[in-house]
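User: I am new to reading protein models and would like to understand how labels such as "buried" or "aromatic pair" are reached. Could we go through the reasoning with this one?

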Amino acid sequence: MKRPEQELAEIKSMMERSTRFLSLSGLSGVLAGIYAIIAAGIAWYWIYFPLSKWGNPANELSDSDLIWRILGLAVVILALALLTAWTMSKKKSEKASQKFWTSASKRFWQALFIPVLLGGLFSFALVHEHTFQLIPAATLCFYGLGLVSASHFTLGEIKKLGFTQLAFGILAAFFPQFGLLFWAGGFGITHVIYGSMMYYKYDR
């Protein structure tokens, strides 16, 4: 016969599975961070080479070819990160014999995508107005808001990751000459750190 505390633990676990998306893969976060660091390195090379000092670009950001290359790179990295997260999270749910596409997972992706989509449109508006230096801040802030919103439907670490992104975004807004550096820190390094924490806590 089960003890009352065991029954309560099982009920709590069932409620969590029905209201929260628990199949989010920590390893996909690590890989997304690596993608972002590589992308930041490529963007730095395009913008600053042969100079090495931040804030003194060797290439003019008004160059439309450069802008479209950077935007194309951003779209590729975003698509790759999302595909990795989707694939690895689905594999994790199958391994745990859990349903991947549930009402909780739908709420999670919706809460994340609305701010991210708005951030993308806002970034295109910044490109249109030639306010390129605020794009890193905008993408970090909107992504951070998306993570904080989506954290209500998944693991608690996502909220901390969201607030970290917001902090990097505010710094990038006040110090736009270091925007790419803050972007690499937010999308790259923090994803690796939090992804590793989630992997060792939930995935192994």
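User: What makes the backbone oxygen of Ala85 and the side chain of Ser89 a polar contact?

Analyst: In this predicted model, the backbone oxygen of Ala85 lies 2.7 Å from a polar atom of the Ser89 side chain, and because a polar contact asks for N or O atoms within 3.5 Å, the pair qualifies. The side chain of Ser89 also has a polar atom 3.1 Å from the backbone nitrogen of Ser25, which is again within 3.5 Å.

User: Where does Ser89 lie, and why is Ser89 called buried?

Analyst: Ser89 lies in helix H3. Its relative accessible area is 0%, and since buried means under 20%, Ser89 counts as buried. The C-alpha atoms of Ser89 and Ser28 are separated by 7.8 Å, although the two residues are 61 apart along the chain.

User: What is found at the start of H2, and how do you know that the length of helix H2 agrees with what is expected?

Analyst: At the start of H2, a side-chain oxygen of Ser25 comes to within 3.4 Å of the backbone nitrogen of Leu27. As for length, helix H2 covers residues 26–48, which is 23 residues, and at 1.5 Å a residue it should span 33 Å. The end C-alpha atoms are 33 Å apart, so the two values agree.

User: Why is the pair of Trp86 and Trp109 called tilted?

Analyst: By the rule for ring pairs there are 9 aromatic pairs. In one of them, Trp86 and Trp109, the centres are 5.8 Å apart and the planes are at 40 degrees; because 40 degrees is neither under 30 nor over 60, the pair is tilted. This pair links distant parts of the chain, with Trp86 in helix H3 (residues 64–95) and Trp109 in helix H4 (residues 103–128), 23 residues apart. Trp86 is partly exposed, because its relative accessibility of 35% falls between 20% and 50%, whereas Trp109 is buried, because its 7% is under 20%.

User: What makes the pair of Tyr199 and Tyr200 edge-to-face?

Analyst: Their ring centres are 5.4 Å apart and their planes stand at 80 degrees, which is over 60, so the pair counts as edge-to-face. Tyr199, at 28% relative accessible area, is partly exposed, and Tyr200, at 54%, is exposed because the value is over 50%.

User: Which residues do ring pairs link into a cluster, and what makes Arg69 count as lying over the face of Trp46?

Analyst: The cluster is made of Trp86, Phe108, Trp109 and Phe113. Arg69 lies over the face of Trp46 at 4.8 Å from the ring centre, a distance that meets the limit of 6 Å, while the direction must also be within 35 degrees of the ring normal.

User: Which residues have the most contacts inside the largest nonpolar core, and which element gives the largest share?

Analyst: The core has 35 residues, and those with the most contacts inside it include Phe108, Trp109, Leu112 and Trp183. The elements that give two or more residues are H2, H3, H4, helix H5 (135–150), helix H6 (157–174) and helix H7 (179–203). The largest share, 8 residues, comes from H2.

User: How many helices and strands does the protein have?

Analyst: The protein has 7 helices and 0 strands, and 39% of its 204 residues count as buried.

Methods:
Residues numbered from 1 in each chain as written. Predicted model: local features only at pLDDT ≥ 70, side-chain atom pairs only at ≥ 80, totals over all residues. Heavy atoms only, no water. Helix = DSSP H or I, 4+ residues; strand = E, 2+ residues; numbered from the N terminus. Expected span 1.5 Å × (residues − 1). Polar contact = N/O pair within 3.5 Å; in protein donor to acceptor, adjacent residues only side chain to side chain. Phe/Tyr/Trp six-rings, centres within 6.5 Å; stacked < 30°, edge-to-face > 60°. Buried < 20%, exposed > 50% of the residue type's maximum accessible area, 1.4 Å probe, protein only. Core = buried A, V, L, I, M, F, W, Y, C linked by side-chain atoms within 4.5 Å.
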